[in-house]
Amino acid sequence: MTDNHDYHTPERGTRDWDTLLNENFRTIDADVEIRDTETNLETYEPEPGTKFFATDTENVFLGDGSEWRPAVTSGPEPQFSSLESESVNTVRTPAPEDGVAGINDAIDEPGVTVQLRRGVYEADESLEVPYDNVTVRGSGHRSPEALTGDVGAAGTTIRRETDDAVVSLPESGIKSLAVLDLHVDGNGTDGAAVFDLGTYAPYARFENVSCRDVGGDVLVGETIHNFRLFHLTARNVGGYLVRIDRSGEVNPAWGTMLNCRVTGTGDERGSGILDADALHLSTLINCTADETDDAAFRVRDGFNNLVLNCGVENARGHGFVLGDRSEGQGYEGGVVAACWFRGVDGSGDGISVDNAASVRFEGNTIEEFDGDDVRIVSGENLDWGRNTFETISSDEERPFVEGQTIEHDNEGEIVHVDFEGNRRLVRTEGSQQFLDAAENPTLSTGEGYVDLEGSDLRTLAKYEDDTAAPDDTLYFDETDERVEYKDPDGTVHELG
């Protein structure tokens, strides 16, 4: 009857031919797939070997004579109970019980992918990568929640058992290392960083990698060209999430950091997100920190970097430090935008411009620092857009671009800004202006100098107009919307 099925074909004159045909029908009932919606499954008899295909869910069921059993390898998301192999082409799959030693054995040539299984790999030694284009991929990482630090179960964990680096490059120049989808349990160990990229490691990529309970830094390196750090997170670390060192006259690092985060608790506060000796032409987007002891972001030698939507909560050190005048290193160009820096008691400065030029600041919020919200030690041609802060100090006479006025979101307050006793900035409800001073504490009114005799602008009084203000008083004229000084003779001086 068919080439692929052994059906009966009665010959002419065969007696009881109907019996043979009935056997054919029973066989066909099992051979031909039943197609219907899964809700109608129970209306069909689960004859042995019968196959049912659900047209709505694409699931497949097999009859065993008493019930329909689902085929889990069917449907839009098939499942497999196990698929194990030590090596498939360039893919290696060492078992968790083999530990990091098994991972090292698996990295036996350039271009291999080490697929780690679910479970815990003990790191009694460093995972050393001696070849280019090696990928170490786990089966899931842990993502710390924004502020609480709660974590879900990790698919793959490497547990650190020594003070050595968990992953290191034994030689300079190893290219295109990728570490993906895994969690590192620092186990409270101190010593080397978790990931040590050495002196030169171009095209390194870390994605969906989490760390916890690490005594030192998480990732360190020197010349990391075109690095990509995506979703690198850490909690309870003793150092920085990323530290980029520089020894000698080597080319600066450059690359991208996206959605990276470091979180501390109590005495387990990390230093910050990034500490870079040299970082050029790089992009930092949505990189955040909570509970930091040092500068959350510090770049000594920077050039044309884009820092967007980054920030720190509960900073106990500085927020963002640009440049390092003591080491002759400067930060030039680039943009810092839509960022937030919030300090706590005992904190340093919010944005500290130690040595920078031609940097654009726009849409940032800096507040609650014990030092200055904005501190300018050495700055030139800074482009200060619309930012929210309360205090600013500067050692420079004119750190901003020529003719620029400063606008802020919180214009309703009058804020005292002391430029190290030499420059003062007074806010009215309009824009802010620099008021020149020949010597402390005098301010220029354009026609001469007025001695303010150390008056504290933070306690500036408000009066409806000139006539309401008493003599020898610094005040805010609500009618003219200006800061004015009425001297002992009753003469009014407009200050800004």
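Buried means under 20% relative accessible area, exposed means over 50%, and partly exposed covers what lies in between. With that in hand, welcome to a set of close-up views of a predicted model.

**View 1. A patch of negative charge on the surface brings together seven named acidic residues, E97, D98, D105, D124, E125, E128 and E161.** Let's pause at E128, which sits in strand β9, residues 127-128. Because its relative accessible area is 41%, E128 falls between the two cut-offs and is partly exposed.

**View 2. Two residues other than glycine, N133 and A338, have a positive phi.** For N133 the angle is about 60°, and the residue belongs to the loop between β9 and β10 (135-137). N133 is partly exposed, at 42% relative accessibility. A338 has a phi near 55° and is found in the loop between β29 (335-337) and β30 (340-343). With 34% relative accessibility, A338 counts as partly exposed too.

**View 3. Strand β21, residues 272-280, is mostly covered, with nine of its nine residues buried.** Which strands pair with β21? One is β18 (residues 240-244), which runs parallel to β21 and is joined to it by four bridges; here Y240 has G272 of β21 as its bridge partner. Another is β24 (residues 297-303), also parallel to β21, with six bridges between them. In that pairing, L274 stands opposite F297 of β24.

**View 4. The loops on either side of β21 hold L281 and G270.** L281 is in the loop between β21 and β22 (283-285), and G270 is in the loop between β20 (261-263) and β21. Are these two residues buried or exposed? L281 is exposed, at 55% relative accessibility, whereas G270 is buried, at 4%. L281 joins W254 and F303 in a nonpolar surface patch of about 290 Å². As for G270, its C-alpha atom is 9.0 Å from that of G215, although the two residues are 55 apart along the chain.

**View 5. A salt bridge joins R69 and D64, with 2.9 Å between the closest N and O atoms.** This pair is one of 23 salt bridges found in the whole structure. R69 is partly exposed, at 47% relative accessibility. D64 is likewise partly exposed, at 33%.

**View 6. The side chains of D108 and R92 form a salt bridge, 3.1 Å from N to O.** D108 lies in the loop between α2 (99-106) and β7 (113-115) and R92 lies in strand β6 (residues 91-92), so this contact ties together parts 16 residues apart in sequence. The two ends have different surroundings: D108 is partly exposed, at 42% relative accessibility, while R92 is buried, at 7%.

**View 7. D277 and R300 meet through their side chains in a salt bridge of 3.1 Å, N to O.** The pair links distant parts of the chain, with D277 in strand β21 and R300 in strand β24, 23 residues apart. How accessible are these partners? D277 is buried, with a relative accessibility of 16%, and R300 is buried with a value of 16%. Both residues also belong to a network of salt bridges that links D217, R243, D275, D277, D294, R298, R300 and D324.

Terms used. Residues numbered from 1 in each chain as written. Predicted model: local features only at pLDDT ≥ 70, side-chain atom pairs only at ≥ 80, totals over all residues. Heavy atoms only, no water. Patch = residues over 30% accessible without salt bridge, like charges linked within 9 Å, V, L, I, M, F, W, Y side chains within 5 Å. Areas by Shrake-Rupley, 256 points an atom, 1.4 Å probe, with all protein chains shown as cover. Salt bridge = Lys/Arg side-chain N within 4 Å of Asp/Glu carboxyl O. Lys, Arg positive; Asp, Glu negative; His and termini not counted. Charge placed at Lys NZ, Arg CZ, Asp CG, Glu CD. Helix = DSSP H or I, 4+ residues; strand = E, 2+ residues; numbered from the N terminus. Buried < 20%, exposed > 50% of the residue type's maximum accessible area, 1.4 Å probe, protein only. Pairing = 2+ DSSP bridges.
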